[in-house]
Structure formats: structure tokens, C-alpha cells
Amino acid sequence: MNKTTQTAYLRETITLAQQIDPRLVRDNPRVGAILVNSLGEVVGKGRHEKWGEAHAEVNAINNAIQRGHNPSACTLYVSLEPCSHTGKTPPCTSLILEKGIKKVVFASADPNPHVAGMEVLKNAGVEALHILVEEALDLNKRFFINHLYGRPFVIVKAAITKNGMMADPNGNSKWITGTQSRKHVHEVLRENVDGILSTAKTVLKDNATLNVRIEDKTKELNAIVLDKHLALLTNTNLAIHQHRIHSKLILVSNKEVHPLPSHVEVVKEVYTEDGVNLFALLQDLYANHKMNSLLVEAGPTLCQSLLKLGLVDELVLFVGDKLFPANNQYAGIEPEAYSNLQLTQTLTFENDVCSYYSNNSWKGLLRK
């Protein structure tokens, strides 16, 4: 079978995976699979429906069997390299070998160090073939970033005025954008991350809650705040302390205070003589606090620092219809800071323009 035909089958698996709600499988990847018989007919389909449940390969194989087909006479196509380790479910490679499948083709390699699906299959005599399909990389970019770099997928959200200011000379930034833009921030950005990263200066200035508000409902969200002097602990009436039952307020500081409120943790180890080591902070949040995705809502200093260090995977830039007096302290993010990011989407909310920029440099690591 030629590469063009095989790629077409792989695109079918990607289409299956695209139908999955990412929130149902988080923090697993979205994966689709099909079984194709010797006549070129698709005889089994499956996708990973929910975190902790059967993977796409298992569902596709079972679907084929239920329809009266023998998997051993079929080729398995998968959008992601089959797993070879035991997690919430047994390894897919074991079922592939058990059912006697002789050929497996997948569209993207799995950078998870625990996965060696291609190697396991080849060692068992299975023809395992990786045909890279670009759409498969875009499908699971958060998952790939996590395993390639050992850190969360980082989104920076910023709002600027028509003349490029993030705040007026007094530091006031409410409200640069309109209600529809703010709705998008809560329903699309905050709702789909594990935490928000900000600074004590921003939180104190706005008395920020850093939660999710959709219509008349609120939802807790982990908040990570750069707070060298632990200023947020001196005022327990701040909105950021309220209603934290299932979430944490993680303060990044070089100080120690005991005892801490039950909802507060302090990360100290990431401080150096020069301040916060942002690389170390992100790795700590991923490894020790289960932060697979992070939204940054802060002033220009932190945002630009992350951009210049190459730690931003997505920039969401809102340009509002207002004008603030020009001032150097609160000038918005310099275009040079994200010149290596690619514009991928532009949305309009009332009088606001929202632009999405993506850092695709990580893809080079999976194209090898």
C-alpha cells in the first residue's frame, strides 16, 4: 500500500480524535484508531473517550471483533504511537500482539519516556511504521510540550489599548476590553487550564480572584503568584483567598512562614540570587503540583520575560478600543518579544480584536 493511501487512513484516525472533548481525556492525549482489512475497508473504529478508560486501539479492535472481523487480518492505523506501559489501563501493545495484528501505522511519535511502542512491536515481529502527519502534532500540542520539556503548556494572555498600553500611568487596567472578550477568557482560556500564574503586584492592584466565572457560576482554579515578600498572607480578606476548598494558592517566595493556611503552599526552591528561575518554577509546577497547563495573567515584565526565554507556547493578545496615556512602565508587550511566534487565529469581540500566536519550535523535535 502506498504512502498516500496510508496517510489518508491516518487522517481518518485524526478526524476521530478531533471529535473528542479535550476536557474528558485531560491530561491524556486525544487519540483515534481504525482497523483496515486486506480489501482496504475500514472494519473497526475507536477513540479514547474518557480519562482512565480504554484507549483508542482497544476500542477499534473490539469494534472490529463485534462486527465479525478478525483483527489479525487487518492493519491498525493510529493517530499516536501505541502505548507500551501500564497506567490506568494495560499497554495497547500487549493487546495488539495478543490479537496477532501484523502491521501498525501511526501518525505521531509519543515523546513520553515510558512509551516505546514502536520498539516493542518491531521486536515482536510486527511491521511498525511512523508516517508523520502534521495535523496529529497540532491535535495534542499540550501533551507533547509536557513530555518534551517536563513543564506545563504555557499560555500568556494580555490585553492592550489601541495605543499599546496595558495600564494607565497609575497602574489601572480595568477594563481595557469588553464583556465578550472577558467571557472568552473565562469560558475558553481559564476553563481549560490547571492554574493561573500572576504576580502579587497584579493581584493586589486588582484584588483579583483568579477563578473561573461562567454566567452565574464560579469555579475554583489553582493560582500561582510570584510574591517574594508573601504580601498576600498579610491580608486574608483578599478575594484570592476566598472559597478555596479544592484548589491551592501557591506563593513563590524566598521566605518561610509557619503555619500556613490550609489552602496556601509556598514554593521556595526556585529562587536564585537573580530572582525567580522561571524554568525551574515551571518544572516544579509540572512535577510536584500536577500543572499540565498554565495561563499567565500579569504585567508586561513577567510576560516578556517568559517570551524572551522561549517559555510561551501560546500568546493570546487582546487589543481593546480604549486609549490610555502613553507611559513606559505599563507599555504592552513588545512585538519583538514574540516575533518567533506565528499568528494562527484572529477573533473579533465587539470592538476588540483577539489574536492567537503559537510557538511551533517544539515540532522539530518530533519530526526527526
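In what follows, contact means heavy atoms within 4.5 Å. This is a predicted model, so to speak of local features a pLDDT of at least 70 is needed, side-chain atom pairs count only at pLDDT 80 or more, and totals for chains, interfaces and linings use all residues. Residues are numbered from 1 along each chain as its sequence is written, and side-chain values use heavy atoms, with hydrogens and water left out.

**Exercise 1. Place Lys228 and list what it touches beyond its sequence neighbours.**

Step 1: find the element. Helices (H or I, at least four residues) and strands (E, at least two) are DSSP runs, numbered from the N terminus. Lys228 sits in the loop that links β10 (222–226) to β11 (249–252).

Step 2: check accessibility. Buried means under 20% relative accessible area, exposed over 50%, and partly exposed in between (1.4 Å probe, protein chains only). Lys228 comes out as partly exposed because its value is 41%.

Step 3: skip neighbours within four places in sequence. Lys228 then has contacts with Val252, Ser253, Asn254, Lys255 and Tyr271.

**Exercise 2. Work out the setting of Asn211 and its side-chain polar contacts.**

Step 1: Asn211 belongs to the loop between α9 (200–206) and β8 (212–214). With 16% relative accessible area, Asn211 is buried.

Step 2: apply the polar contact rule. That takes a pair of N or O atoms within 3.5 Å; within protein, one must be able to donate a hydrogen and the other to accept it, and residues adjacent in sequence count only if both atoms are side-chain atoms. The Asn211 side chain pairs up with the side chain of Thr209 at 3.0 Å, and with that of Arg213 at 2.6 Å.

Step 3: look past four places in sequence. There, Asn211 is in contact with His186, Arg190, Thr218, Lys219 and Leu221.

**Exercise 3. Count the disulfides and explain what happens at Cys74 and Cys92.**

Step 1: a disulfide is a pair of cysteine sulfur atoms within 2.5 Å. The count under this rule is zero.

Step 2: Cys74 is buried at 6% relative accessibility. Its closest cysteine sulfur is in Cys92, 17 Å away, so the pair is too far apart for a bond.

Step 3: Cys92 is buried too, at 1%. For Cys92 the closest cysteine sulfur is in Cys83; that gap is 3.7 Å, and no bond is counted because this is too far.

**Exercise 4. Describe α10 from its start to the residue that follows.**

Step 1: at the start, a side-chain oxygen of Asn277 comes within 3.1 Å of the backbone nitrogen of Phe279.

Step 2: compare spans. The expected span of a helix is 1.5 Å times one less than its number of residues. Helix α10 (278–289) has 12 residues and runs 15 Å from first C-alpha to last, close to the expected 16 Å.

Step 3: pick out the buried positions. They are Leu278, Leu281, Leu282, Asp284, Leu285, Tyr286 and His289.

Step 4: go past the end. Lys290 comes next, with a positive phi near 55°.

**Exercise 5. Find the backbone oddities in the loops.**

Step 1: look at omega. The Arg26 to Asp27 peptide bond is cis, at about 15°, and Asp27 lies between α2 (22–25) and β1 (32–36). Another cis bond joins His258 and Pro259, with omega about -5°.

Step 2: look at phi. His243, not a glycine, has a positive phi of about 60°. The loop between β10 and β11 holds His243, which is exposed at 68% relative accessible area.
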